Amino acid sequence: MTAQVDYLVVVFTATSGASGDLLGSDEKELVQLVWQLVDVKNKKLGKVNELLIKPDLSDLTEEKEEEDVVEESVEQENGSGADCVYKAPSVDKALNMFHLQLTNEVNSAGAGTSVCLCTDGQLHIRQVIHPEAASKNILVPDCFYSFFDLRKEFKKHFPAPDLKALNVHTMAESLSIPVDVPTMWDPSATPDPSVPLPAEVATQQLQVMSSVVLALLSEPFCHTFSNPERVSEKFESGTCSKMEKVCDNTVIRARGLPWQSSDQDIARFFRGLNIAKGGVALCLNAQGRRNGEALVRFVSEEHRELALQRHKHHMGNRYIEVYKATGDDFLKIAGGTSHEVAMFLSREDQIIVRMRGLPFTATHEQVLAFFSPEDELKETCPVSGGKDGILFVRYPDGRPTGDAFVLFACEEHAQCALRKHKEILGKRYIELFKSTAAEVQQVLNRYSSTPLISVAPAPLMPVLPTVSLLPPPGGVRDCLRLRGLPYTASIEDILTFLGEFTQDIRPHGVHMVLNQQGRPSGDCFIQMTSAERALQASQRLHKHVMSSQRGANSRYVEVFPCSAEEMGLVLMGGSLSHTHTHTHTRSRSGTGLSPPPCKSRRLSPPSYSFTPAPPVLPPEAAAALYPPIGQVVLAPRPLPPGHAYYPASAQLYMNYAAYYPSPPGSPNTLGFFPSPSSIASPGGLVRMPGLTYNSNGVKELINAVQGYQNPAESVSLLSSSLIGQCSSSEAPLMSLPALMTKPGGQYLDLTLL
């Protein structure tokens, strides 16, 4: 609509709550709708119409209901100055009555047919009528989807610094229009806009607005009302490129969303405000599930400011928090560069359904058969475009993730597909969710940057900043990582699986990883004699099936080459997380080791033998420190000097593995904490037999002996000391936690080696 309209409908609304600049910010219901028709060509005013809407009293007390009845009776006696007064029992009937009365009045005039609303600001249409209609699932008449903002039209002739500073009285004063309104109704004199407006004020405000419109239409202004404000009827999905520039003043973050909400649900929450195409991005957590947050991009800063006023408005029974966000935040979630995704999402008016938990061997034909089975008893929901309507999510090396996105042509087919939630495909049940284009981009972006060997997460507590626990980059990849082992797999099963590569395993080079419950995690690390043989083994055995002698199950195993440093990170407690990426310049931030160390089981297969490795300690010291207890094959490595002193005030997470002996061939790059350079005392080994069986770690022992710089001094003072008890005349020499003591105390026998 670019030409001058025939009629303007000046509209003013009032709710049972706040007014002025806070109109609609408290989710109060519409209770009054006043309008007047303006003949643009003849510059004539029609009659003033007032529509009273009965508020929903279901949540109010009986006392409040009685007060409302009294107020209504007084209002009927006094009158509000309107020519025609109508009453409606609900909002939906009120909007239909408004549309009907307006149509009849325009038809009776007979001077034209083009009609458009005109309001004082954006709040009456965008923050009152559309949000309430959306929350109550009410169909809004077409006339409410376009309107003129009288403040913007006035600003074309009288430049104003801020639209919020304008009101009808300011405009009337600038146009020299006499206004006979009591001071208490003047918005500039009202200190608290949260107070509801008196019923008579709406009619007074409407009459002033009509006078301003006539003044703008008359000389010398001869204003033309064209290009009205538009309200988007529905949200348009689309893609967003990472190279696109997104203004920071157009993005908000919504929190507290129901987990099953879609982009259309979020657009309904912001009904009345124009969201950019593809401007709703649902956020996912580390496991790929929705975390109740979304980033929303609006077409302008004005709409974003109106969206911030909906902070803590309700979506169903949940209130939604709305905060400011940046354009970079939106691009991190919704931006993408994949041509395959762009082609998949290029079709408009398509509904996306996400499939999760697919078998890794699933094909396009199986997915099509899942939604359109040959069995006539089951519902059929054809996939839009056949195979082209299915997008499998894969890792960078081509491995499937178990996720896929499917397109459907209409809402009916999508709802039919969602009813197949948790039905079986192959041997697995499939989870189905309604998805969005932004979620497709986010999932693809996340999996496209997943490393094969994950970096361990950051430590829970800070450690010495000058010491790095990470291995140097660029290590030789002479180890193998086996992932997806059967949980009942034994060493013999692994050797059978490796076949001819068994002879290339280093002595005691098989390391099976256990989870925190002490059960097999399905991962295993193997140290090979050379990087060439490790690469050949990974190429030959990748995705071959391994069978277990102790169980009937069999699984295909993924085989990757890795370095001893990467293996050491995992065996020392690095979690197998897919949230970090590998770089050649790792930093301490976000890549430290998380205590306590991950349990690992280092086993030596009994079915093959190796040349014994030379001992790294004298036989006498090794025999004293490690007495023979069965068939334990251990060759301890020497501890580096410098563990003599730890400040009592420092609270550190120690690198426990530095104090434990490791089998030959294990990674030798495990970090340790050196003592301060100002203390030059030699290290020493102390044997402490007689500890309680429920002792649970090295940290307690370190805390017990901290402060003794000389090993001989600690032996002389602590030998034959009672843990947890002390004499009445002196303080205890050391205090260990309750897990290291017994009710009667426990003596320690310390021997300096």
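How much area does the protein chain expose, and what share of it do carbon and sulfur atoms supply? The chain exposes about 37,900 Å², with carbon and sulfur supplying 53% of that (Shrake-Rupley method, 1.4 Å probe; for residues, only the protein chains shown count as cover). The model is a predicted one, so to speak of local features a pLDDT of at least 70 is needed, side-chain atom pairs count only at pLDDT 80 or more, and totals for chains, interfaces and linings use all residues. Residues are numbered from 1 along each chain as its sequence is written, and side-chain values use heavy atoms, with hydrogens and water left out.

Of the 753 residues in the protein chain, 46% are buried (under 20% relative accessible area; exposed is over 50%, partly exposed in between, with a 1.4 Å probe and protein chains only). The chain has 19 helices and 30 strands (DSSP runs numbered from the N terminus: H or I of at least four residues for helices, E of at least two for strands). Take the contacts (heavy atoms within 4.5 Å) between residues at least 6 apart in sequence: 75% of them join residues at least 24 apart.

One sheet can be followed strand by strand. It is open, holds four strands in the order β16-β17-β15-β20, and is paired antiparallel (a pair needs at least two DSSP bridges between the strands). β16 (390–394) and β20 sit at the edges with a single partner strand each, so one side of each has no neighbour in the sheet. On average, neighbouring strands are turned by 25° against each other, direction ignored (axes are lines fitted to C-alpha atoms, for helices over the stretch in contact; angles run from 0 to 180 degrees between N-to-C directions). Antiparallel β15 and β20 are joined by five bridges, and Arg-356 has Glu-431 in β20 as its bridge partner.

Two helices pack on this sheet. α11 touches β15, β16, β17 and β20, and its direction makes about 125° with that of β16. α12 touches β15, β17 and β20, at about 150° to the direction of β20. Within α12 (residues 411–418), Ala-414, Cys-416 and Ala-417 are buried. Seen down the helix axis, the buried residues of α12 fall within an arc of 160° (taken from the directions from the axis to the C-beta atoms), so they line one face. Their cover includes β15 (351–356), α11 (364–371), β17 (400–408) and β20 (431–435).

The structure holds 26 salt bridges (a side-chain nitrogen of Lys or Arg within 4 Å of a carboxyl oxygen of Asp or Glu). One of them pairs Lys-152 with Glu-229, the closest N and O atoms being 2.9 Å apart. Lys-152 is in helix α4 (residues 150–155) and Glu-229 in strand β7, 77 residues apart. Both also belong to a salt-bridge network with Arg-126 and Glu-302. Arg-419 bridges to Glu-379 at 3.0 Å between the closest N and O atoms. Arg-419 lies in the loop between α12 and β18 (424–425) and Glu-379 in the loop between α11 and β16, so the pair ties together parts 40 residues apart in sequence. Arg-419 is exposed at 51% relative accessibility, while Glu-379 is partly exposed at 39%.

A few backbone details stand out. The peptide bond from Glu-219 to Pro-220 is cis, with omega near 5°, and Pro-220 lies in the loop between α6 (199–217) and β7 (229–230). Glu-27, a residue other than glycine, has a positive phi near 60°.
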